[in-house]
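Work through the following exercises with the sequence and the 3D structure open beside you. Try each task before you read its solution.

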Amino acid sequence: MEFNDFTAAQVRIARPTEKFEEVIDFYVSGLGLKQIQQFKGHRGYEGVIIGLPDVNYHLEFTRHIDGSPCLAPTKDNLLVFYITDKNEINKVSDRLQKMGYGEVEPENGYWKEQGITIEDPDGWRIVLMNRSFE
């Protein structure tokens, strides 16, 4: 990935969680992302790396033996997935609904026009947006 002044091999968004197992279940079993790696015993941390298949964008969730609180800062902090096939959105949304994660009202009404907003176990929100990015 080339940027203005550097080339990155990978981009990863990392955050702690107190609901480690629930978050893994939400993103892997519910959303359908791929678990790439899991680690333990790293200076008191354990974690999981989750990503999109064959893409160098990853999510990393960690917890520390002394606790890892991480409340979502606002309802408009979003992880947006642009999905052009509405049937795929419905399939993922239905699966998450059955797991207890239903649609929530977005802070910004734009996301409701073509998307579905859902909170993960920590209250961080994802949007399944029915359009391409372009």
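**Exercise 1.** In this predicted model, find out which residue in the hairpin of β2 and β3 takes a positive phi, and decide whether that residue is buried or exposed.

*Solution.* Begin with the strands themselves: β2 (residues 34–42) and β3 (residues 45–51) run antiparallel and are joined by 6 bridges, and one pairing to look for is that of Gln37 with its bridge partner Ile49 in β3. Next, look at the turn, where 2 residues lie between the strands and Arg43 has a positive phi near 55 degrees. As background, most residues other than glycine have a negative phi. Arg43 has its positive phi although it is not a glycine. Finally, consider its surroundings: Arg43 sits in the loop between β2 and β3, and because its relative accessibility is 75%, where over 50% is needed, it counts as exposed.

**Exercise 2.** Work out the order of the strands in the open sheet of 4 strands, and state which strands stand at its edges.

*Solution.* Reading across the sheet gives the order β1-β4-β3-β2, and the pairing is mixed. The edges are formed by β1 (11–16) and β2, each of which has a single partner strand, so one side of each is left without a neighbour in the sheet. From one strand to the next, the twist averages 20 degrees. To see the parallel part of the pairing, follow β1 along β4 (residues 57–64), to which 6 bridges connect it, and notice that Ala14 stands opposite Glu60 in β4.

**Exercise 3.** Describe how helix α1 is placed against the sheet strands and how α1 and α2 cross.

*Solution.* Take the sheet first: α1 lies across β1, β2, β3 and β4, and runs at about 165 degrees to β4. Then turn to the two helices, α1 (residues 20–30) and α2 (residues 86–98), whose axes come within 10 Å and cross at roughly 145 degrees, in a right-handed crossing. At their contact, Phe26, Ser29 and Gly30 of α1 meet Val92, Arg95 and Leu96 of α2, and these residues divide into 3 nonpolar, 2 polar and 1 charged.

**Exercise 4.** Decide whether Arg125 is buried or exposed, and find which backbone oxygen lies 2.8 Å from a polar atom of its side chain.

*Solution.* Locate Arg125 in strand β7 (residues 125–129). Its relative accessibility is 5%, and because buried means under 20%, Arg125 counts as buried. The backbone oxygen in question belongs to Glu105. Leaving aside neighbours within four places in sequence, Arg125 is in contact with several residues, including Lys75, Leu79, Val104, Pro106 and Ile118.

Technical notes: Residues numbered from 1 in each chain as written. Predicted model: local features only at pLDDT ≥ 70, side-chain atom pairs only at ≥ 80, totals over all residues. Heavy atoms only, no water. Pairing = 2+ DSSP bridges. Buried < 20%, exposed > 50% of the residue type's maximum accessible area, 1.4 Å probe, protein only. Polar contact = N/O pair within 3.5 Å; in protein donor to acceptor, adjacent residues only side chain to side chain. Contact = heavy atoms within 4.5 Å. Axes fitted to C-alpha atoms, helices over the stretch in contact; angles between N-to-C directions. Left-handed = near helix turned anticlockwise from the far one by under 90°. Nonpolar A, V, L, I, M, F, W, Y, C, P; charged D, E, K, R; others polar.
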